[in-house]
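Let's take a walk through this fold together, starting with the overall picture and then working inward. Have the sequence and the model side by side as you read.

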Amino acid sequence: MSGITGMTSSNAAPITATDSLSQALKANIIPNQEYLLQGSVLDSAVEVLLHRLRGLCDNVDAGPETFDDQEVCFSLRDPNQQAAPLMLRVRKALDARDMPYQLRYIGQPDLGDKNRPTVVRSSLDIACSGMLIEFLNELGCRIEFEYSVKGYMFRKGRMKITVAKVFKISQASMPPEPISQSYLVELSVLAPQGQDAIAEDMRAFADQLRPLVQLDKIDYKRLGHMAVT
């Protein structure tokens, strides 16, 4: 009997990547939801905010991580124009050339009702090789916009806080040009679906940063309509 059992297990079909992904989805262990709050701080006040974050966050001894990245946003349009274009973002580190490219899909933000503390949106991040941009071009994707972002990253438990300056992409011989006189501040957590309690923790942490910066839910659709009108 033991021989038959061994033969059965050895002849069993190997578990594929698709099977593993399906099992992970059923077990709800994939962090595919991003909880997000955003704000901004003027250049003249950013040092005070950084000092405050050093006192609140986990990596106080080592100091914050720094980053200098370039991000390109691609769109893949439906040939029949019956569906909204698929938006994909590619980010590469300018200060660590050996790091893999990051391919990111971000879904439409869900603001929920006024009592929900944060924006929630689908988010998937995948590490890729340097051939990623060529691959996306072969798929028919086209570049919508690009920019570079340079700043600091802090950690507080599962929360990630970034304070970053956003720059226009300039010619090779020209220095990067900031798009504004302020820094973008983001507080985010990647978590599996259904972990809405983390949003309350984020709101409590955001309250500790007031009045230096007001982190809130940003409705980009409403901002777009205001710009048009």
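What follows goes from the whole chain to its helices and cores, and then to a few individual residues.

Keep in mind from the start that this is a predicted model. The protein chain has 6 helices and 9 strands. Of its 229 residues, 33% are buried. If you take the contacts with a separation of 6 or more, 65% of them link residues 24 or more positions apart. On the outside, the chain exposes about 14800 Å², with carbon and sulfur atoms supplying 55% of that area.

A good place to step inside is helix H3. Its buried residues are Val46, Leu49, Leu50, Leu53 and Leu56. Those residues sit on the same side of H3, because they cover an arc of only 125° around the axis. The general rule behind such a pattern is that an α-helix has 3.6 residues a turn, so residues three or four places apart point the same way. Turn to the other side of H3 and you find Glu47, His51 and Gly55, which are exposed. And what does the buried part of H3 pack against? The partners are S1, S6, S7, S9 and H5.

That brings us to H5, which spans residues 197–208. Here Ile198, Ala199, Met202, Arg203, Phe205 and Ala206 are buried. Once again they end up on the same side of the helix, since they cover an arc of only 165° around the axis of H5. The cover over these buried residues includes helix H3 (46–56), along with strands S1 (33–42), S6 (142–156), S7 (159–168) and S9 (182–191).

Now for the cores. The largest nonpolar core has 27 residues, and Leu53, Leu187 and Phe205 are the ones with the most contacts inside it. At least two residues of this core come from each of S1, H3, S7, S9 and H5. For a closer look, pick Leu53: beyond the residues up to four places away in sequence, Leu53 touches Phe154, Ile161, Val163, Phe205 and Leu209. There is also a second, separate core of 10 residues, and Val72, Leu103, Leu132 and Leu136 are among them.

Helix H4 (residues 132–139) is where you'll find Ile133. With a relative accessible area of 23%, Ile133 is partly exposed, because the cut-off for buried is under 20%. Setting aside neighbours within four places in sequence, Ile133 is in contact with Phe74, Val90 and Tyr101. Take Val90 from that list: Ile133 and Val90 are 43 residues apart along the chain, yet their C-alpha atoms are separated by 7.8 Å.

Next, try Thr118, in the loop between strand S4 (101–106) and strand S5 (119–128). Is Thr118 buried or exposed? Thr118 counts as buried, because its relative accessibility is 0%. Leaving out residues up to four places away in sequence, its contacts are Tyr35, Leu36, Leu37, Asp110, Leu111, Ala199, Met202 and Lys217. Two of those names should ring a bell: Ala199 and Met202 are among the buried residues of H5.

What about the cysteines? A search of the whole structure turns up 0 disulfides. Why is Cys73 not bonded to Cys141? The sulfur of Cys73 is 10.0 Å from that of Cys141, its closest cysteine sulfur, which is too far for a bond. Seen from Cys141, the closest cysteine sulfur is that of Cys73. Both residues are tucked away: Cys73 is buried with a relative accessible area of 2%, and Cys141 is buried with 7%.

Two last stops. The structure holds 1 aromatic pair. Phe145 and Tyr147 form it, and the pair is stacked, with 6.3 Å centre to centre and 15° between the planes. Phe145 counts as partly exposed, at 36% relative accessibility. Finally, find Pro211 in the loop between H5 and helix H6 (220–228). The peptide bond leading into Pro211 from Arg210 is cis, with omega near 0°.

Technical notes: Residues are numbered from 1 along each chain as its sequence is written. This is a predicted model: local features need pLDDT of at least 70, side-chain atom pairs count only at pLDDT 80 or more; totals for chains, interfaces and linings use all residues. Side-chain values use heavy atoms; hydrogens and water are left out. Helices (H or I, at least four residues) and strands (E, at least two) are DSSP runs, numbered from the N terminus. Buried means under 20% relative accessible area, exposed over 50%, partly exposed in between (1.4 Å probe, protein chains only). Contact means heavy atoms within 4.5 Å. Accessible areas come from the Shrake-Rupley method with a 1.4 Å probe; for residues, only the protein chains shown count as cover. The arc is that of the directions from the helix axis to the C-beta atoms. A disulfide is a pair of cysteine sulfur atoms within 2.5 Å. A nonpolar core is a set of buried Ala, Val, Leu, Ile, Met, Phe, Trp, Tyr and Cys residues joined through side-chain atoms within 4.5 Å. Rings of Phe, Tyr and Trp (its six-membered ring) pair if their centres lie within 6.5 Å; planes under 30 degrees apart count as stacked, over 60 as edge-to-face and the rest as tilted.
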